[in-house]
Every structure is written in C-alpha cells, then in structure tokens.
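This report goes through a single protein chain piece by piece. Please keep the sequence and the structure in view while reading.

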Amino acid sequence: MLTHALQDVLLRLENAARAAQRPVPRLLAVSKTQPATAVAELAACGQRAFGENYVQEAAAKQAQLNALALEWHLIGHLQSNKAREAAVLFDWVQTVDRAKLVQALALHRPADRAPLNVLIQVNIDDESSKHGCRPDEVAALAAAVAGEPRLRLRGLMVIPQPHPDIEQRRGAFRRTRELFEALQHDHPDADTLSMGMSDDCPIAIAEGATMVRVGTALFGSRPAKPHTPDHSHA
C-alpha cells in the first residue's frame, strides 16, 4: 500500500512542478509517530529522506534501521537541552530559530561527521502559537550558522498559517520565497526552501519550494502520539 502511495505522491509532485514550470522538489517523508516497519517499507521503494518531530522517537527508529543508511531530518521544535542529541542523530535540522540553538548544535556536532545541514525556521505569519524566527531576524541567524564550521546553512523552512482556503496560504509561501532569494544573495550556497505539506504542496511548489514535507498522503492519518514524548515537538 505504501508503495502505491509513494508513487502517487511523486507523480503529484511532478505534475505540480510541470504545471508551474518549476523543478521537481525533493520529497521528505514525514514519519513522525509511524513505526519503523513503515519507514523500512518506504525505504525499500527508494525513499531515503525522513522527517521526525521527536528526538527520542527518532533515536529509537534509527537504532532499528541503522543498516539502511537513511537521511534523517528534525522537523519538530528543538529545545536547547536536546541539541546535543540532535546534533549527533540528525543529518538535517530544519527548525533552527535562535542563536542559542546555533551555538549548541555547532558545539555538539561530531568532528568525524559531515557538517550538520541547517534550515532556519521562519514564523512567516507571525503566529503566537508557532515557533520560528521573525523574517527580520533571518539575516543575523544565517550569518551565525554560516560562521560555524560544523554547520552548513542550506536555506529556510516555513509552516504557514493553516487557512481553510488553501489559496490563502499562497502569500505566505511567496513571502518566504522572497526571503529565500534575499538569503541566497548573501549566501549563494543556500539551496533549500522547505515548504508545503500533503494538502498544499502544489501551491508551495508553484511558489518555489525545493523540498516538501509529506506525511498524511503517504502514511494516512497519524496514529496517537507515542507514550513517552520528549517535549521537543512543534
């Protein structure tokens, strides 16, 4: 079943990119709350990148799936006291939103690993309930990331306000793309704009997403949260 879901999602991404005359974005499979067996099934179909919200949940899955050499992204809010673990466990952290986190991740990234890929999370709609930096804080945070040899600045990540009318999210995606283009002016190696999920990825692609984060369309509705959350969720 997951094989067909993956094929359907990839086709949807290709069609959306073609319609918008944009490059096809990378697919990040959002595997939070899904069992390791489901991750392994998608991996067997060729999917390599997976997104997790919880540090401890990701650690447990990685222990079971270590032989598969998958690419792991943290997409949930990261508390500073979890930075040591996150810097070791993940290949990407998409939710960097403050200088303290930059310093902690750089300090704990192992010297024998490739630099940790970092996306700056932007609170593009200024929602009080959302994590992420303000748009006017992006430049300073980007400079902080770029100044750390153990980190690699890759771009921006955004979760826009979930307007029931999906078209209403287009403006947020567009503003984020403009921020991304400004970031690239100062940091030409920045290459990743992570935005768009199962329900709004076609609009995000049209507005310039280079990576989309899809969970429900791949796995179906999420099961209940694990019984032992580590409070590092979004």
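The text below takes up a pair of helices, then salt bridges, then two strand residues, and last some loop residues. The model is a predicted one.

## Two helices in contact

Helix α2 covers residues 36-44 and helix α3 covers residues 55-65. Their axes come within 10 Å of each other and cross at roughly 55°. That angle makes α2 oblique to α3, because an angle counts as oblique when it falls outside the ranges for roughly parallel (under 35 degrees), roughly antiparallel (over 145) and roughly perpendicular (65 to 115). The crossing of α2 and α3 is right-handed.

Which residues meet where α2 and α3 are in contact? On the side of α2 they are Ala36, Val39 and Ala40, and on the side of α3 they are Lys61, Gln64 and Leu65. Sorted by class, the contact of α2 with α3 has 4 nonpolar residues, 1 polar and 1 charged.

Lys61 of this contact also takes part in a salt bridge, with Glu57 as its partner. The closest N and O atoms of Lys61 and Glu57 are 2.8 Å apart. Both residues belong to helix α3 and lie 4 residues apart, so about one helical turn separates them. Are Lys61 and Glu57 buried or exposed? Both are buried.

## Salt bridges

How many salt bridges does the count come to? The count comes to 18 salt bridges. Three of the pairs are listed here with the separation of their N and O atoms.

| Pair | N to O distance |
|---|---|
| Lys61 and Glu57 | 2.8 Å |
| Asp97 and Arg98 | 2.6 Å |
| Arg134 and Glu137 | 3.1 Å |

In the pair formed by the side chains of Asp97 and Arg98, the two partners fall into separate exposure classes. Asp97 has a relative accessible area of 11%, so it counts as buried. Arg98 has a relative accessible area of 24%, so it counts as partly exposed.

For the salt bridge of Arg134 with Glu137, the values are as follows. Arg134 is partly exposed at 44% relative accessibility, and Glu137 is partly exposed at 29%. Elsewhere, salt bridges with shared partners link Glu167, Arg170, Arg174, Arg177, Glu181 and Glu207 into one network.

## Two buried strand residues

Leu119 is part of strand β5, which covers residues 116-122. Its relative accessible area is 0%, so Leu119 is buried. Neighbours within four places in sequence are set aside in the contacts of Leu119, which are Trp92, Val93, Gln94, Thr95, Val96, Arg154, Gly155, Leu156, Met157, Thr192 and Ser194. The C-alpha atoms of Leu119 and Ala142 are separated by 9.0 Å, and the two residues are 23 residues apart along the chain.

Ser194, one of the contacts of Leu119, is located in strand β7, residues 192-194. Where does Ser194 stand in terms of accessibility, buried or exposed? At 0% relative accessibility, Ser194 counts as buried. With neighbours within four places in sequence again left out, Ser194 touches Gln94, Leu119, Leu156, Met157, Val158, Met211 and Arg213. Gln94, Leu156 and Met157 are among the contacts of Ser194, and they are also among those of Leu119.

## Residues in loops

Gln34 sits in the loop between β1 (26-30) and α2. Its relative accessibility is 9%, so Gln34 counts as buried. Gln34 and Ile159 are 125 residues apart along the chain, and their C-alpha atoms are separated by 21 Å.

Two other loop residues have a positive phi without being glycine. Gln21 has a phi of about 55° and is placed in the loop between α1 (2-20) and β1. At 75% relative accessibility, Gln21 counts as exposed. Asp126 has a phi near 55° and is found in the loop between β5 and α6 (138-146). Asp126 has a relative accessible area of 64%, so it is exposed as well.

The loop of Gln21 leads to β1, and the loop of Gln34 runs between β1 and α2. Gln34 is buried, whereas Gln21 is exposed.

Definitions and conventions
Residues are numbered from 1 along each chain as its sequence is written. This is a predicted model: local features need pLDDT of at least 70, side-chain atom pairs count only at pLDDT 80 or more; totals for chains, interfaces and linings use all residues. Side-chain values use heavy atoms; hydrogens and water are left out. Axes are lines fitted to C-alpha atoms, for helices over the stretch in contact, and angles run from 0 to 180 degrees between N-to-C directions. A crossing is left-handed if the near helix is turned anticlockwise from the far one by less than a right angle, and right-handed if clockwise. Contact means heavy atoms within 4.5 Å. Ala, Val, Leu, Ile, Met, Phe, Trp, Tyr, Cys and Pro count as nonpolar, Asp, Glu, Lys and Arg as charged, and the others, Gly among them, as polar. A salt bridge is a side-chain nitrogen of Lys or Arg within 4 Å of a carboxyl oxygen of Asp or Glu. Buried means under 20% relative accessible area, exposed over 50%, partly exposed in between (1.4 Å probe, protein chains only).
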